[in-house]
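Here's a chain to look over, with a walk through what packs where. Have a look at the fold before reading on.

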Amino acid sequence: IPFHVLRNMPFKREESPLKSRTELGLPENKFLVILQGSGINMHRGAEEAVDAFIQLPNDFALVIAGAGDVIPQLKEAVANANASEKVLFFNRMPFQELMQYTRACDLGLSLDKDTNLNYRYSLPNKIFDYIQANIPVLVSDLPELRRVVYENQVGIVLAEHSPKAIADAILSLKENVKLYTELKKNTFEAAKLLCREKEENVLDIIPL
């Protein structure tokens, strides 16, 4: 039986007034990187991301917005490193409110590891949320993530998951203004294509 894939993409983001970082309780003068989701769980890269930001200079900060079983461990690591100004935690919140935080950041993370088939072939919703928010992405080298990033030129694919590799990639992207500007510009076009309105066209080719 022939089948077609309908990826779980969001609808195009409706324009709404953008809150300032101050209104959101975010630092104004830092390069902000966001890791969002309701499944921020162990072995999905959050531990390494936190370790990376502990290493990075003070003009970088990680925003973790959501929930998951690794959050208590992450908070403990941040407290032990006295790095509360480098890693900021926000609880789960309504989607439209979450997107205000996403739009206020400079880069989005999706760092699932290739530890099982579920993760290997995953395509997290947050990737499309980041693109709809017009921020570039830093992602694991997994097949579907790699495809989205390379086909649309909207981010960087990590070769490996070490905290140093993550920190180096973020530092390099901030310093390479030309590359960052190009990637961000590409998210505007990608946002028009990677959305439910376009993706659901696959339904038109499925015979009834």
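## Around helix 2

The buried residues of helix 2 are covered by elements that include strand 1 (31–37), strand 2 (60–66), helix 3 (71–80), strand 3 (87–90), strand 4 (107–110) and helix 8 (163–175). Contact here means heavy atoms within 4.5 Å, and buried means under 20% relative accessible area, with exposed over 50% and partly exposed in between (1.4 Å probe, protein chains only). Helices (H or I, at least four residues) and strands (E, at least two) are DSSP runs, numbered from the N terminus.

This is a predicted model, where local features need pLDDT of at least 70, side-chain atom pairs count only at pLDDT 80 or more, and totals for chains, interfaces and linings use all residues. Residues are numbered from 1 along each chain as its sequence is written, and side-chain values use heavy atoms, leaving out hydrogens and water.

So how much of helix 2 is tucked away? Helix 2 spans residues 46–55 and is mostly covered, with 7 of its 10 residues buried. They are A46, E47, E48, A49, V50, A52 and F53.

Strand 1, one of the elements covering those residues, is mostly covered too. Here are the two side by side:

| Element | Buried residues |
|---|---|
| Helix 2 | 7 of 10 residues |
| Strand 1 | 6 of 7 residues |

Strand 1 pairs with strand 2 in the parallel sense over 7 bridges; two strands pair if DSSP finds at least two bridges between them. As one example, L32 has A61 in strand 2 as its bridge partner.

Strand 4 also helps cover helix 2, and S110 sits in strand 4. Is S110 buried or exposed? S110 has a relative accessible area of 0%, so it counts as buried. Beyond its neighbours within four places in sequence, S110 is in contact with P124, K126, I127, L138, V139, S140 and L145.

Stepping back to the whole chain, there are 10 helices and 6 strands. Of its 208 residues, 50% count as buried. The radius of gyration, taken over C-alpha atoms, is 17 Å, and a compact globule with 208 residues would come out near 17 Å, so the two agree. That globule rule is 2.2 Å times the number of residues to the power 0.38. Along its principal axes the C-alpha trace spans about 60 × 40 × 35 Å. Among contacts between residues at least 6 apart in sequence, 75% join residues at least 24 apart.
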